[in-house]
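Trainee: Could you take a close look with me at one part of this model, the place where two neighbouring chains meet? I would like to follow how the copies are related and what each side brings to the contact.

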Amino acid sequence: MEWIQKEFSLKARPRGFHLITRDVLEQLPELREIEIGILQLFIQHTSASLTINENADPDVRGDMERHFNAAVPENAPYYEHTLEGSDDMPAHIKASILGPSLSIPVGRGQLRLGTWQGIYLCEHRNHGGARRIVATLFGKRK
Amino acid sequence: MEWIQKEFSLKARPRGFHLITRDVLEQLPELREIEIGILQLFIQHTSASLTINENADPDVRGDMERHFNAAVPENAPYYEHTLEGSDDMPAHIKASILGPSLSIPVGRGQLRLGTWQGIYLCEHRNHGGARRIVATLFGKRK
Amino acid sequence: MEWIQKEFSLKARPRGFHLITRDVLEQLPELREIEIGILQLFIQHTSASLTINENADPDVRGDMERHFNAAVPENAPYYEHTLEGSDDMPAHIKASILGPSLSIPVGRGQLRLGTWQGIYLCEHRNHGGARRIVATLFGKRK
């Protein structure tokens with residue numbers, strides 16, 4: 001049984017949805033040694049989130065951003081947490097809808113993602129800065 | 001420590017929310033041997049998702065479908081990813097809101113679901129076809 | 001390899017979002033003995049949910065409640081599951097959006113939450129009563 005836990009930073013990205021599958025894999029060469037396991041990714045922030053979605057067409061990422069901006073508006077009349085800017089409270093709400101973590105099955109040394117699945121960083125702030133991820137990889141060695 | 005990983009298909013279902021607890025359990029007789037563990041289910045698609053909700057009244061599943069259709073409309077003016085049909089981009093968005101995976105505790109050989117909880121396949125496409133699930137069951141044997 | 005599974009109840013709380021990090025930690029003194037692991041929390045209900053969000057300003061919890069009430073209205077014309085009250089079907093929908101479980105990395109005997117992250121109980125019913133949680137803690141001992 002193998003347990004590996006690493007913290008790493010994702011470089012600052014503009015507000016929006018960003019494909020980060022490669023960034024994650026580069027941090028985890030140990031993945032190749034796992035026969036069956038789970039990769040758990042956890043973002044240590046409350047205004048950015050992680051999800052899995054289509055990895056091919058950048059328009060999907062744009063549409064995601066536009067949809068969540070429409071569904072979770074800035075300056076809603078009922079917001080009381082407004083001191084940190086108009087993008088802040090919507091960022092908290094989006095972060096809870098999309099969630100702070102992903103659990104991805106690992107098999108024969110690879111993430112068992114579907115053909116069209118990629119890992120997204122969802123950056124909900126205008127200037128969120130670098131984002132810290134705790135990656136916990138556990139499973140049975142090959 | 002036990003590690004079991006299986007891939008199986010859920011038969012094609014119409015767009016909507018479908019109770020699949022039984023389909024999942026049929027694939028995993030090994031569950032009975034686990035004293036404490038986790039069942040992780042992962043759907044390898046970006047236009048269908050998994051969730052847990054009420055297992056008794058089919059109206060709940062109908063209301064879920066109607067609500068998500070209202071909240072994530074087809075043909076939103078801001079969609080740019082439109083080549084695969086009007087049900088495609090909403091399906092991607094719903095998939096991220098509901099999520100591609102479930103982690104369910106296992107105790108004394110059973111899923112530790114509440115009395116009213118069932119596992120749902122959320123099919124967001126009009127003609128999504130069969131859906132592939134990777135099930136990873138791990139834990140301590142009885 | 002350590003496997004600990006406990007069921008405990010969270011006392012009844014009013015409808016809204018509630019910080020429960022301390023309630024959870026009090027139930028799990030064993031956490032201090034884990035070098036690397038995962039804490040999985042699972043709520044055995046379909047009208048309450050768990051999420052992680054900002055742990056400092058109570059206005060964030062109020063804004064979350066107000067936002068989800070606006071986004072998932074009571075008495076939507078398309079609801080058919082209405083016998084259990086106007087707060088019931090919205091509660092099921094919110095529960096699926098936010099999700100029934102959390103997986104939080106554990107390192108050196110502590111939850112590896114970010115500075116501003118806390119665990120929320122999201123109570124979606126007007127009178128939900130006490131809520132049962134199954135906590136599964138697993139990992140490598142110190």
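Mentor: Happy to! Chain C falls onto chain B after a rotation of 120° with 0.0 Å of shift along the axis, and the RMSD of that superposition is 0.0 Å. That is how a three-fold axis relates its copies. Do keep in mind that this is a predicted model. Within chain C, the residue that comes closest to the rotation axis is Ile97(C), whose C-alpha lies at 3.5 Å. The two copies meet through different surfaces, as 18% of the contact residues of chain C recur in chain B.

Now to the contact itself. Chain C puts in 28 residues and chain B puts in 31 residues. On the side of chain C that touches chain B, at least two residues each come from strand S1 (2-10), strand S3 (34-43), helix H3 (88-98), strand S5 (101-107) and strand S8 (131-141). H3(C) gives the most to that side, namely six residues. Sorted by class, this side of chain C holds 14 nonpolar, 12 polar and two charged residues.

For the fold of a single chain, turn to chain A. Its secondary structure amounts to three helices and eight strands, arranged along the sequence as β-β-α-β-β-α-α-β-β-β-β. The C-alpha trace of chain A spans about 55 × 30 × 20 Å along its principal axes. Among the 142 residues of chain A, 48% count as buried. Finally, of the contacts in chain A with a separation of 6 or more, 85% join residues 24 or more positions apart.

Conventions. Residues numbered from 1 in each chain as written. Chains lettered and ligands numbered in written order. Predicted model: local features only at pLDDT ≥ 70, side-chain atom pairs only at ≥ 80, totals over all residues. Contact = placed C-beta atoms within 7 Å. Helix = DSSP H or I, 4+ residues; strand = E, 2+ residues; numbered from the N terminus. Nonpolar A, V, L, I, M, F, W, Y, C, P; charged D, E, K, R; others polar. Buried ≥ 20, exposed ≤ 12 C-beta atoms within 10 Å, placed from the backbone. Least-squares fit on C-alpha atoms with pLDDT ≥ 70 in both.
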